[in-house]
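Visitor: I'd like to go through this one and ask how each label was earned. Can you take me round?

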Amino acid sequence: MYRMGVMRMPTNLGKVFEAEIKASIPSGFYVERYKDDTSGFHGVSNPADFRLYRYPLTFLLELKTHKGKSIPLAKIRPNQVQGMYRASQYKGIYGGLFLNYRDLEETYYISCSELVAEYYILNKAGKFEVKPDGRKSIPVEWCREHGTQITQTKKRVRYSYDLESWFRRYYCE
């Protein structure tokens with residue numbers, strides 16, 4: 001697409017958010033970006049976007065960015081909830097989501113177990129599904145009460161995130 005002689009490339013805001021978070025991860029972490037194969041095609045069903053490791057802890061992080069004051073639960077695949085929840089039952093493994101409310105310029109960490117307790121039930125097949133009589137989205141007000149806000153700083157157009165402060169909750173340094 002051309003605008004006044006300049007080629008303008010479309011931007012996937014989810015990928016931009018992922019790149020900003022990745023650039024904000026403190027040094028000393030092993031960072032693995034799971035292959036994102038379009039919602040499980042070809043048998044790929046990763047539990048999260050990223051796996052981070054620094055002795056003795058592992059973090060599985062799913063990143064979601066959304067316009068508005070509420071993030072639809074439909075944007076989070078059930079296998080992700082299942083995988084992060086199962087993994088976080090082991091000592092030293094934490095699973096959760098970074099939820100970015102773009103319009104409000106607010107980002108929160110929500111643990112997978114907190115998300116499951118509020119929004120999911122275990123069905124007869126032993127898999128998580130959204131509570132049939134519950135909310136179908138995660139409002140920012142709920143994140144403000146139950147999550148950990150991640151400080152973000154706007155640098156012209158892009159953001160950087162203070163993940164060093166967030167990680168201090170887990171490492172006693």
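Visitor: What makes Tyr53 count as partly exposed?

Guide: Its relative accessibility is 34%. Buried means under 20% relative accessible area, exposed over 50%, and partly exposed in between, using a 1.4 Å probe and protein chains only. So 34% puts Tyr53 in the partly exposed class. Before we go on: this is a predicted model, where local features need pLDDT of at least 70, side-chain atom pairs count only at pLDDT 80 or more, and totals for chains, interfaces and linings use all residues. Residues are numbered from 1 along each chain as its sequence is written, and side-chain values use heavy atoms, with hydrogens and water left out.

Visitor: Which strand holds Tyr53, and what surface patch does Tyr53 help make?

Guide: Tyr53 lies in strand 4, residues 50–54. Helices (H or I, at least four residues) and strands (E, at least two) are DSSP runs, numbered from the N terminus. With Tyr30 and Tyr55, Tyr53 makes a nonpolar surface patch of about 380 Å². Patches take residues with over 30% relative accessible area and no salt bridge; like charges are joined within 9 Å, and nonpolar side chains (Val, Leu, Ile, Met, Phe, Trp, Tyr) within 5 Å. The areas come from the Shrake-Rupley method with a 1.4 Å probe, and for residues only the protein chains shown count as cover.

Visitor: And how many helices and strands does the whole protein have?

Guide: Five helices and 14 strands. Of its 173 residues, 42% count as buried. The protein exposes about 10500 Å², with carbon and sulfur atoms supplying 52% of that.

Visitor: Why is the Lys15 and Glu18 pair called a salt bridge?

Guide: The general idea is that side chains of opposite charge can pair when their charged atoms come close. The rule here asks for a side-chain nitrogen of Lys or Arg within 4 Å of a carboxyl oxygen of Asp or Glu. Lys15 and Glu18 come in at 3.8 Å, N to O, so the pair passes. Both lie in helix 1 (residues 13–24), three residues apart, about one turn of the helix. In general, an α-helix has 3.6 residues a turn, so residues three or four places apart point the same way.

Visitor: Are those two partners buried or partly exposed?

Guide: One of each. Lys15, at 38%, is partly exposed, whereas Glu18, at 9%, is buried.

Visitor: What makes Asp49 and Arg33 a salt bridge?

Guide: Their closest N and O atoms are 3.8 Å apart, which is within the 4 Å limit, so the name fits. Asp49 sits in the loop between strand 3 (30–33) and strand 4, and Arg33 in strand 3, so the pair ties together parts that are 16 residues apart in sequence. Asp49 is buried at 5%, and Arg33 is partly exposed at 27%. Lys15, Glu18, Arg33 and Asp49 are linked in a network of salt bridges.

Visitor: How many salt bridges does the structure hold?

Guide: Seven. Another of them joins Glu62 and Lys64, with the closest N and O atoms 3.0 Å apart. Glu62 is buried at 1%, and Lys64 is buried at 14%.

Visitor: How do you know that Glu106 is buried?

Guide: Its relative accessibility is 14%, and the cut-off is under 20%, so Glu106 counts as buried. Glu106 is found in strand 8, residues 106–111.

Visitor: What does the side chain of Glu106 make a polar contact with?

Guide: The side chain of Arg144, at 2.8 Å. A polar contact is a pair of N or O atoms within 3.5 Å; within protein, one must be able to donate a hydrogen and the other to accept it, and residues adjacent in sequence count only if both atoms are side-chain atoms. Glu106 is also in contact (heavy atoms within 4.5 Å) with residues including Leu99, Tyr101 and Gln152, leaving aside neighbours within four places in sequence.

Visitor: How many disulfides are there?

Guide: Zero. A disulfide here is a pair of cysteine sulfur atoms within 2.5 Å. Cys112 is buried at 0%, and Cys143 is buried at 0% too.

Visitor: Last one: what makes Pro139 buried?

Guide: Pro139 has a relative accessible area of 11%, under the 20% cut-off, so buried is the right word. Pro139 lies in strand 11, residues 137–139. Pro139 and Gly68 are 71 residues apart in sequence and 9.1 Å apart in space, C-alpha to C-alpha.
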